[in-house]
Amino acid sequence: MPTPPRMIPLLQQFDFAHKRLADRLAGPVMDSGNGTDVEVGPMTDKEYFWEPVPDCWSVRRRTDGPGPRATTLTGTGEWGRDATPGPHPAPPPFTTIAWRLSHLCELLTLRADHTAGSHTLTRDDYCSSKDAAGAISAFETGAAAWRKALHGVDDSALDTVGYSTYPHGSDSGDPFIDIVWWVNQELLHHGAEIALMRDLYRSQPH
């Protein structure tokens with residue numbers, strides 16, 4: 001199926017943001033922003049769980065229970081992500097790389113399912129990764145699933161409200177092209193946050 005012309009710049013933006021974050025997480029090099037390769041090592045487990053300030057939200061063993069101001073650990077499996085039903089705490093808790101990657105991977109995986117999959121997955125079905133390597137792999141899997149889901153979208157689908165049935169966002173009320181744009185923004189801003197946290201971690205005395 002030909003790619004709708006309106007989709008092309010959004011796919012290019014997604015591919016750019018995906019590669020920047022993937023390289024920033026796993027190395028061995030990343031683009032400095034001007035086309036120059038800069039060496040970067042793969043993220044460690046210590047970075048993944050690093051809490052730079054008190055009372056962070058993170059990914060935790062379910063047996064340990066939720067962190068400060070959280071009331072639950074989302075998902076299934078041995079590990080879950082700190083959360084609470086709305087209204088969320090104010091000010092929002094600072095979140096670890098583990099939390100941000102879990103959130104981003106869940107979003108990509110579930111939206112892919114609710115666009116071109118079973119249309120059944122919820123947050124209760126998602127397994128957060130217990131280590132950095134698992135999270136990097138989950139990011140690649142989620143990004144690939146979302147990219148594949150977009151291949152089946154025609155021009156009329158872009159204007160269809162509710163084309164994605166993802167239950168944890170505005171999908172039921174927005175045309176699908178807005179959802180594609182929103183996923184890009186999630187990837188861009190969480191990718192920038194994670195990159196900054198890697199820089200800050202590197203600058204800490206160890």
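Which residues does Thr-95 touch, not counting residues up to four places away in sequence? Thr-95 touches Trp-57, Arg-100 and Met-197, where contact means heavy atoms within 4.5 Å. Thr-95 lies in the loop between S5 and H3.

This is a predicted model, in which local features need pLDDT of at least 70, side-chain atom pairs count only at pLDDT 80 or more, and totals for chains, interfaces and linings use all residues. Residues are numbered from 1 along each chain as its sequence is written, and side-chain values use heavy atoms, with hydrogens and water left out.

**The chain as a whole**

The protein chain has six helices and five strands. Helices (H or I, at least four residues) and strands (E, at least two) are DSSP runs, numbered from the N terminus. Along the sequence the pattern reads α-β-β-α-β-β-β-α-α-α-α. The radius of gyration is 17 Å, close to the 17 Å that the globule rule gives for 206 residues, so the protein chain is as compact as a globular protein of that length. That radius is taken over C-alpha atoms, and the globule rule is 2.2 Å times the number of residues to the power 0.38. Taken along the principal axes, the C-alpha atoms fill a box of roughly 55 × 45 × 30 Å.

Of the 206 residues in the protein chain, 45% are buried; buried means under 20% relative accessible area, exposed over 50%, and partly exposed in between (1.4 Å probe, protein chains only). Among contacts between residues at least 6 apart in sequence, 61% join residues at least 24 apart.

**The sheet and helix H3**

Three strands form an open sheet in the order S3-S5-S4, with antiparallel pairing. Strand S3 (59-61) and strand S4 (72-74) are at the edges with a single partner strand each, so one side of each is left without a neighbour in the sheet. Neighbouring strands of this sheet are turned by 55° against each other on average, direction ignored. S4 and strand S5 (residues 79-83) run antiparallel and are joined by three bridges; two strands pair if DSSP finds at least two bridges between them. Thr-74 stands opposite Arg-81 in S5.

Helix H3 (residues 97-116) packs on the sheet, where it touches S3 and S5, and its direction makes about 100° with that of S5. Axes are lines fitted to C-alpha atoms, for helices over the stretch in contact, and angles run from 0 to 180 degrees between N-to-C directions. In H3, 18 of the 20 residues are buried, so the helix is largely enclosed by the rest of the structure.

**Three buried residues**

| Residue | Place | Relative accessible area |
|---|---|---|
| Thr-95 | loop between S5 and H3 | 9% |
| Cys-105 | helix H3 | 1% |
| Gly-75 | loop between S4 and S5 | 19% |

Leaving aside neighbours within four places in sequence, Cys-105 is in contact with Tyr-126, Ala-135, Ala-138 and Phe-139. The C-alpha atoms of Cys-105 and Ala-135 are separated by 8.0 Å, and the two residues are 30 residues apart along the chain.

With neighbours within four places again left aside, Gly-75 is in contact with Arg-62, Arg-123, Asp-124 and Tyr-126. Gly-75 and Gln-185 are 110 residues apart along the chain, and their C-alpha atoms are separated by 23 Å.
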